[in-house]
Each structure stands twice: as structure tokens, then as C-alpha cells.
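Open the model in your viewer and show side chains as sticks. This tour goes from one selection to the next.

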Amino acid sequence: AYDGLYGKLYNWYTLMDPRNVCPSGWHVPSDSEWMELEQILGVPVDALDNTGPRGISANAGGQLKSLLLWDDPNTGATDLFEFSAFPGGQRTLSGGSGDVGAKGFWWTTSEFNGSQGMLRSLASNNAGIYRFSTPKVVGASIRCVED
């Protein structure tokens, strides 16, 4: 229902499908590729492997957030890198939608374990970038990067 505004939500299995959800010459980034971006955004090297919010003092998440569509207060939002992250929320385990307007979630191709994959999240009330794992059946956004 929200895809026209925020984009579609995918489960982890979709992005691992050999037909490739991204256009030719593009791919969904791994956990390591997200870490490369986060280091550029100012997340300290010794915090890259941590879970939870990281890079708050560097406004790492705010540099990625769009100035539009986020719930107030949209902490730190500058969209400095023109990543234009929207708060598309997630498709929950029960099949409903959650956190639309308040949070955005992006899959990586990296597994945490057999049933969970690694994600990134931004929140309207925080300037950091969250790194965590969640069940692979949850729906989240993706961001394709050029090969």
C-alpha cells in the first residue's frame, strides 16, 4: 500500500534469488559494503562490527535521510550524500506493516545465521545507523549499488 511513496519491501530470499532483484550491473550490498559506506560517513572503525546504533556523533544516519516523509523530529537529517533514505518501515512477521514514517530498514546480502539476515536501519529520532539481524521473512527495503 505504501510502495508508491516509500518503495517496495522485500524479504531476504527475494534479494538472494538468482534472477537478481536489481537491474543488470547492480547488486544488493553486503554487510561489508555497508560498513565501507558507514566508515565514509564517520562511523568509527572500532564500532563498525557493533550492533545497535552507531555513528551518532558523526550524524552518519542523518547524512543519508531524506528531508521529506520522516516523522518529526527527523533528527540530523541533511541528505548530504543524496542517498534520500525514506522511512518505508517494515513488513512484520505477522504480515502487517510497521514503523512507516518512523524508520527505514535496508537488507544486506549477509546472513547472521540460517534464519536471520543482516539489516541497516535509520530512525526519525536518531542520527545513527543501526546494524542488526532479523528473520529473513521480514519485509524491508533494498538499495542497489553498481557493480
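Is S30 buried or exposed? Select S30 and look at the surface around it. S30 is buried, because its relative accessibility of 17% falls under the 20% cut-off. Bear in mind throughout that this is a predicted model.

**Around S30**

Trace the backbone here. S30 sits in the loop that joins β1 (26-27) to α3 (31-40). Now show its contacts, skipping neighbours within four places in sequence. T108, T109 and S110 appear.

**W106 and its surroundings**

Next, select W106. This residue belongs to strand β5. W106 counts as buried because its relative accessibility is 3%. Display its contacts, again leaving aside neighbours within four places in sequence. The list includes W34, A85 and F86. M118, L119, R120, S121 and L122 are also among the contacts of W106. So are A140, S141, I142 and R143.

Put a distance label between the C-alpha atoms of W106 and L122. It should read 8.9 Å, for two residues 16 apart along the chain.

**The aromatic rings**

Colour Phe, Tyr and Trp. A pair of aromatic rings is described by the distance of the centres and the angle of the planes. How many aromatic pairs are there? The count comes to 4.

Go to W12 and Y13. Their ring centres are 5.8 Å apart and their planes meet at 85 degrees, so this pair is edge-to-face. Burial separates the two partners: W12 is buried at 7% relative accessibility, whereas Y13 is partly exposed at 43%.

Return to W106 and add F83. These rings form an edge-to-face pair, with 6.4 Å from centre to centre and 70 degrees between the planes. Why does the pair tie together separate parts of the chain? F83 lies in the loop between β2 (52-54) and β3 (90-91), while W106 is in strand β5 (residues 103-113), so the linked parts are 23 residues apart in sequence. F83 is buried too, with a relative accessible area of 13%.

Add W34 to the selection. Ring pairs join W34, F83 and W106 into a cluster.

**Charges over rings**

Keep F83 on screen and select R143. The charged end of R143 sits over the F83 ring, 3.9 Å from the ring centre. R143 has already come up as a contact of W106.

Finish at W12. Which charged end sits over its ring? Select K136: its charged end is over the ring of W12, at 4.0 Å from the centre.

Methods: Residues are numbered from 1 along each chain as its sequence is written. This is a predicted model: local features need pLDDT of at least 70, side-chain atom pairs count only at pLDDT 80 or more; totals for chains, interfaces and linings use all residues. Side-chain values use heavy atoms; hydrogens and water are left out. Rings of Phe, Tyr and Trp (its six-membered ring) pair if their centres lie within 6.5 Å; planes under 30 degrees apart count as stacked, over 60 as edge-to-face and the rest as tilted. Buried means under 20% relative accessible area, exposed over 50%, partly exposed in between (1.4 Å probe, protein chains only). Helices (H or I, at least four residues) and strands (E, at least two) are DSSP runs, numbered from the N terminus. A charge sits over a ring if NZ of Lys or CZ of Arg is within 6 Å of the ring centre and within 35 degrees of the ring normal. Contact means heavy atoms within 4.5 Å.
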